[in-house]
Amino acid sequence: EVMVTSEQFFKVIEILAGRFEKSKHSVSTNQQLPLKRFAYCGVCGQPTTGYYKKQKNLYYYKCRTNGCKRNMSQKKFHIDFQELLLKYQINPSSVNHIEKTMKYVFKLDNQDVEKGLVDYRSTLTKLKNKIERLEDRYVDEEFSKEMFQKHNSKLNKEKEEIQQTIANSMINSSNLEKCIDWTMEISSKLNELWTFENFANSETLQKVVFPEGITYDWENRRFRTSRVNSFFFAIPQLKVASEQKKTRETELNS
């Protein structure tokens, strides 16, 4: 006698291969809980999960660690997250001033980066010359193939690492301005754009602003951040400076 029907057997095969659709309830829960797995428990450090309580018709976030027993209603959790977003949201009237200041500061920073790149480019030129000399000596049969491959591999690895460092450090000025313009546009309406009614947009936005996720302090109902996208990081300080602008002599001082 068979243990399962052929339909059940093939359904299991599909599930193991990852080819199956989530249940409507699972999809609905995800849409209502965009911070699930993105927010971490402030007590044990584990990602949060969530659930739906049918009796109350409410969604909840909770810590997934057995015995931790921390949980919070979706409504309160989202209010606290939106308070965090407000720190990085700017008034439309402050956009121009903050945008000018960000461009000024980033360009100063880029000048320091450019100075450092001079040393990397010099080292890269020396490595390329070494590789050329090594190839010439190999052609002249001054050492064995094994010796050539050993030194050539090492030098090329160093060359690739420096090339990658240079590529990562270079900031195109036009791209920099585009990034800042985009940041200003997003930051002027952060809470409006982050809405759990559009799960995909919410997830994308929160990952852009907080690349490494956030941690939730259950007792004090407060989010903590380990890292903020550098384009958003300066905004809280610049907001204060912008509000004090009238008492300053120039925008540059502010």
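Helices here are DSSP runs of H or I with at least four residues, and strands are runs of E with at least two, numbered from the N terminus. The model is a predicted one: local features need pLDDT of at least 70, side-chain atom pairs count only at pLDDT 80 or more, and totals for chains, interfaces and linings use all residues. Residues are numbered from 1 along each chain as its sequence is written, and side-chain values use heavy atoms, with hydrogens and water left out.

**Exercise 1. Place V4 and say how open to solvent this residue is.**

Step 1: Look along the chain; V4 lies in the segment before α1 (6-16).

Step 2: Recall the classes: buried means under 20% relative accessible area, exposed over 50%, and partly exposed in between (1.4 Å probe, protein chains only).

Step 3: With a relative accessible area of 42%, V4 is partly exposed.

Step 4: V4 also belongs to a nonpolar surface patch of about 780 Å², together with M3, F9, F10, V12, I13 and L16. Patch residues have over 30% relative accessible area and no salt bridge; like charges are joined within 9 Å and nonpolar side chains (Val, Leu, Ile, Met, Phe, Trp, Tyr) within 5 Å. A salt bridge is a side-chain nitrogen of Lys or Arg within 4 Å of a carboxyl oxygen of Asp or Glu. The areas come from the Shrake-Rupley method with a 1.4 Å probe, and for residues only the protein chains shown count as cover.

**Exercise 2. Describe helix α5 and find its buried residues.**

Step 1: Helix α5 covers residues 145-169, 25 residues in total. From first C-alpha to last, α5 reaches 36 Å, close to the 36 Å expected at 1.5 Å a residue; the expected span is 1.5 Å times one less than the number of residues.

Step 2: The buried residues in α5 are F148, N152, L155, K159, I162 and I166.

Step 3: An α-helix has 3.6 residues a turn, so residues three or four places apart point the same way.

Step 4: Among the elements covering these buried residues is α4 (95-139).

**Exercise 3. Is H78 buried or exposed?**

Step 1: Find H78 in helix α3 (residues 74-86).

Step 2: Its relative accessibility is 3%, so H78 counts as buried.

Step 3: H78 and L35 are 43 residues apart in sequence, yet 8.4 Å apart in space, C-alpha to C-alpha.

**Exercise 4. How do β5 and β6 run, and how many bridges join them?**

Step 1: Strands β5 (residues 214-217) and β6 (residues 222-225) run antiparallel, joined by four bridges. Pairing requires at least two DSSP bridges between two strands.

Step 2: D217 stands opposite R222 in β6.

Step 3: The two strands form a hairpin with four residues between them, and R221 in the turn has a positive phi of about 50 degrees.

Terms used. Contact = heavy atoms within 4.5 Å.
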